[in-house]
Amino acid sequence: MDKANKVWTDKHVKSTLPKRKATSHKGSYGTALLVAGTKDMPGAALLAGLGAMRSGVGKLVVATDAEAVAMIVSRLPEATFLADGLKHIAQRQTSIDTYRAAAIGPGTEPDDVTEKAIHVLLESQMPVVLDAGAISDRSYLTRQSPIILTPHLAEFSRITGVEIDALQENRAEYAAIWSKSLGVTIVLKGPNTVISFPDGQTWLNPTGNSALAKGGSGDTLTGMILGMLCCHSNWQQAVLNAVYLHGACADEWVLTRSAHTMLAHEVSDLLPVVWARFE
Ligand code: APR
Ligand code: MG
């Protein structure tokens, strides 16, 4: 691990996880908007939705293809849905004023409709997480509220034009440079995920293992970041704690089970027990 950067440790997590007050109600923890999934990729919305609902949010609205709704609802009955939500958001046919945070991109095509929906979300004041199909080369400099990009190396290479090999050699340095120049938070995923904030802070995450090297684990992380943004008062701590706990769930898995066998939704299954250890 690169010693030049700070490591977000178990002590940080323990001292920054939010309390759930006895007098609280679902409104206390906000409503999250997840824009994800198509009829061919409904699982991405489900995985991110499970991650979000396990991460402290009060209510979750999933904007997804009408055909995907029926596939997701039986596994996530706690969520409500905006059928064909991506299109409705892009065309400004639905209000986004009531949400505390939004995430867009898991199982989403990087096309014109997605680009328009991102544009609409970025006009709001809430934190916005951009993942997978929402990670494209664009400018963000006029926005004051947090923007969180969650690229893996290939996605980061696509938006920066830097070769993957070069990025791999200096992940923290590149994340810091691009975080500052784009004015966004970069969660550069992989072993020891790097989290760079536009104020210049860069953190390394110590948790996680190769059990996460499987389709869908990034979708789960995006949902967890979204949920944590809703229940934390400090958005930077929300991002750091989501990345840490996501990896900690995988570390819990390999204590007794093979790293070959973990499924992405099992990260969300493990989160209740893993989270409790830090409270
Ligand atoms: N050690 C630790 N963590 C790992 C490891 C590893 N060896 N391998 C993967 N991870 C973690 C990453 O840090 C990240 O949190 O697993 C997650 C993988 O995220 P993604 O690469 O986004 O994977 P995935 O969920 O399959 O993405 C789904 O989005 O990124 C696109 O092309 C991707 O279409 C696919 C979709
Ligand atoms: Mg991904």
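**Empty space and ligand 1 in a predicted model**

About 50 Å³ of space lies in the largest cavity of this predicted model.

User: What makes this space count as a cavity of 30 Å³ or more?

Analyst: A cavity is a set of points where a 1.4 Å probe fits but cannot get out. The largest cavity holds about 50 Å³, and the count by this rule comes to one cavity of 30 Å³ or more.

User: Which residues line the largest cavity?

Analyst: Lining residues have an atom within 4 Å of a point. Here they are V35, A36, G37, T38, A63, T64, D65, L86 and T108. By class, that lining has four nonpolar, four polar and one charged residues.

User: What sits in the largest pocket?

Analyst: That's ligand 1: the space it takes is the largest pocket. Around ligand 1 there are 19 residues, with H152, E155, K189, G190 and G218 the closest. Helix α9 (residues 217-231) gives the largest share of this shell, four residues. The shell divides into five nonpolar, 11 polar and three charged residues.

User: Why is the pair between ligand 1 and the side chain of H152 called a polar contact?

Analyst: The cut-off is a pair of N or O atoms within 3.5 Å. An oxygen atom of ligand 1 is 3.0 Å from an N or O atom in the H152 side chain, so the pair qualifies. A backbone N or O atom of D219 also makes the cut, at 3.4 Å from an oxygen atom of ligand 1.

User: How much of ligand 1 does the protein bury?

Analyst: Taken alone, ligand 1 exposes 700 Å², and the protein buries 73% of that.

Terms used. Residues are numbered from 1 along each chain as its sequence is written. Chains are lettered from A and ligands numbered from 1 in the order in which they are written. This is a predicted model: local features need pLDDT of at least 70, side-chain atom pairs count only at pLDDT 80 or more; totals for chains, interfaces and linings use all residues. Side-chain values use heavy atoms; hydrogens and water are left out. A residue is near a molecule or strand if one of its heavy atoms lies within 4 Å of it. A polar contact is a pair of N or O atoms within 3.5 Å; within protein, one must be able to donate a hydrogen and the other to accept it, and residues adjacent in sequence count only if both atoms are side-chain atoms. Accessible areas come from the Shrake-Rupley method with a 1.4 Å probe; for residues, only the protein chains shown count as cover. On a 1 Å grid over the protein atoms alone, a cavity is a set of points where a 1.4 Å probe fits but cannot get out, and a pocket is an open set with protein on both sides within 12 Å along at least five of seven lines; lining residues have an atom within 4 Å of a point. A molecule sits in a cavity or pocket if more than half of its atoms lie within 2 Å of its grid points. Helices (H or I, at least four residues) and strands (E, at least two) are DSSP runs, numbered from the N terminus. Ala, Val, Leu, Ile, Met, Phe, Trp, Tyr, Cys and Pro count as nonpolar, Asp, Glu, Lys and Arg as charged, and the others, Gly among them, as polar. Grid points are joined across faces, edges and corners, and a volume is the space filled by probe spheres set on the points.
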